[in-house]
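Student: I've just opened this one and I'm new to it. Could you walk me through it, one question at a time?

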Amino acid sequence: FQGTSDKGPFERLDSNPGIAEFAKMLLLGATLLPLRLVAAFAIIFSYYIFSMSYVALNPDKKYSRGTLRGLTRFASRSLLFVCGFHRIEVFGEETLREHTMMIVSNHISFWEILYFMSSPCCPAFAFKSDCLKVPLIGGIALKVLQGIRVDRSVVGGGTKAMMSAVQRMKDAESSDEFRPLLVFPEGTTGNGSSILSFRSGSFVPGVTVKPVVINFPFECFSPAYESIYTSVLLFRTLTQFNNRMQVRYLEEYIPSEEEIIDAKLFAENV
């Protein structure tokens, strides 16, 4: 598992591209990039059609996403593969203890979201309201992934969403319906050189959490989304022959009685 850097969390860890890197970008931008874009769109569109059709044909299934887990995992891993993440290095135990309700992870880019969608636990997510307005993605997030809407314009909106998600998990009638909630308690993305302070709102439910650490080792380009335009990030990532991702699962953290009462203390200790 690759270590960290002495740079600040919002600085680019990679260097400006040299002549060789520019030449590679031009070559792969004209050859590999179009193929990857077509394949990625085909995967997303196919997943959208099949998953939304299933939801429409099964409107009475409150937790229909349980049935769609296999399709979600396959589509997500396929999308990562065509984008250059051919092998993902996983350390620790991916499976969760029975009824571990939350996964907490550092947040570096949007690529780790696809990884979690492809993982065995295939968690539910909390989405910002703006994300739900994106075509295709918004429909998938709410209707298929059972996304939790978080309205940051409302005071306490995130905490209310967390409590709603935890209650939904408690109400699940079978193990197939049960899905842990994935949260990124840092509240923003960093470059992976360090872990930012966790926001206490993510820990208000006071339930057992599974900490996960994400890292993106690189040679030429870091796919971190800390201070870079989305278009540049996508172009540079998709014009790499291979992208690496490392995932380390830590032991479940069971809060004490004091931590259940004090969410700030809980966040600091995790």
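Student: Among contacts in the protein between residues at least 6 apart in sequence, what percentage join residues at least 24 apart?

Tutor: Keep in mind that this is a predicted model. The pool here is contacts between residues at least 6 apart in sequence. The share of that pool joining residues at least 24 apart is 77%.

Student: How many helices and strands does the protein have, and what part of its residues is buried?

Tutor: Let's take the elements first: there are 9 helices and 7 strands. The protein has 270 residues. Of these, the buried part comes to 47%.

Student: Is helix H4 mostly covered or mostly open, and which of its residues are buried?

Tutor: H4 runs over residues 111-118, and 7 of its 8 residues are buried, so mostly covered is the right description. The buried ones are Trp111, Glu112, Leu114, Tyr115, Phe116, Met117 and Ser118.

Student: Where is Ser105, is it buried or exposed, and which residues does it touch?

Tutor: Ser105 sits in strand S2, residues 102-105. With a relative accessible area of 1%, Ser105 is buried. Leaving out residues up to four places away in sequence, Ser105 touches Phe116, Leu182, Val183, Phe184, Pro185, Val212 and Ile214.

Student: On to charges. How many salt bridges does a search of the whole structure find, and which residue pairs with Asp14?

Tutor: In general, side chains of opposite charge can pair when their charged atoms come close. The search of the whole structure turns up 8 salt bridges. In one of them, the closest N and O atoms are 2.7 Å apart, and the partner of Asp14 is Arg12.

Student: Are Asp14 and Arg12 buried or exposed?

Tutor: The cut-off to hold on to is that buried means under 20% relative accessible area. Asp14 has 12% relative accessibility, so Asp14 is under that limit. Arg12 comes in at 19%, so Arg12 also counts as buried.

Student: Which other residue forms a salt bridge with Arg12, and how many residues apart in sequence are the parts tied together?

Tutor: The partner is Glu226, with the closest N and O atoms 2.9 Å apart. Arg12 lies in the segment before helix H1 (19-30), while Glu226 is in the loop between strand S6 (209-215) and helix H7 (230-238), so the parts this pair ties together are 214 residues apart in sequence. As for burial, Glu226 has 13% relative accessibility and counts as buried.

Student: Which residue forms a salt bridge with Arg236, and which helices does the pair tie together?

Tutor: Arg236 pairs with Glu21, and their closest N and O atoms are 3.2 Å apart. Both Arg236 and Glu21 are buried. Arg236 belongs to H7 and Glu21 to H1, so the pair ties together parts that are 215 residues apart in sequence, in helices H7 and H1.

Student: How do the axes of H2 and H5 cross, and which residues make the contact?

Tutor: The axes of H2 (residues 32-57) and H5 (residues 137-144) come within 10 Å and cross at roughly 35°. The crossing is left-handed. By class, the contact has 6 nonpolar, 2 polar and 1 charged residues. H2 supplies Tyr47, Tyr48, Ser51, Met52 and Val55, and H5 supplies Gly139, Ile140, Lys143 and Val144.

Student: How many disulfides are found, and why does Cys121 not bond with the closest cysteine?

Tutor: A disulfide is a covalent bond between the sulfur atoms of two cysteines. The search of the whole structure finds 0 disulfides. For Cys121, the closest cysteine sulfur is in Cys122 and is too far for a bond, at 7.4 Å.

Student: Where is Cys122, is it buried or exposed, and what is its phi?

Tutor: Cys122 lies in the loop between H4 and strand S3 (124-128). Its relative accessible area is 0%, so Cys122 is buried. Although Cys122 is not a glycine, its phi is positive, at about 40°.

Student: Last one: where is Phe198, and how many Å is it from Lys264 in space?

Tutor: Phe198 is in the loop between strand S5 (181-183) and S6. Setting aside neighbours within four places in sequence, Phe198 contacts Pro185, Glu186, Phe203, Ala267 and Val270. Phe198 and Lys264 are 66 residues apart in sequence, and their C-alpha to C-alpha distance is 8.5 Å.

Conventions
Residues numbered from 1 in each chain as written. Predicted model: local features only at pLDDT ≥ 70, side-chain atom pairs only at ≥ 80, totals over all residues. Heavy atoms only, no water. Salt bridge = Lys/Arg side-chain N within 4 Å of Asp/Glu carboxyl O. Buried < 20%, exposed > 50% of the residue type's maximum accessible area, 1.4 Å probe, protein only. Helix = DSSP H or I, 4+ residues; strand = E, 2+ residues; numbered from the N terminus. Axes fitted to C-alpha atoms, helices over the stretch in contact; angles between N-to-C directions. Left-handed = near helix turned anticlockwise from the far one by under 90°. Contact = heavy atoms within 4.5 Å. Nonpolar A, V, L, I, M, F, W, Y, C, P; charged D, E, K, R; others polar. Disulfide = S-S within 2.5 Å.
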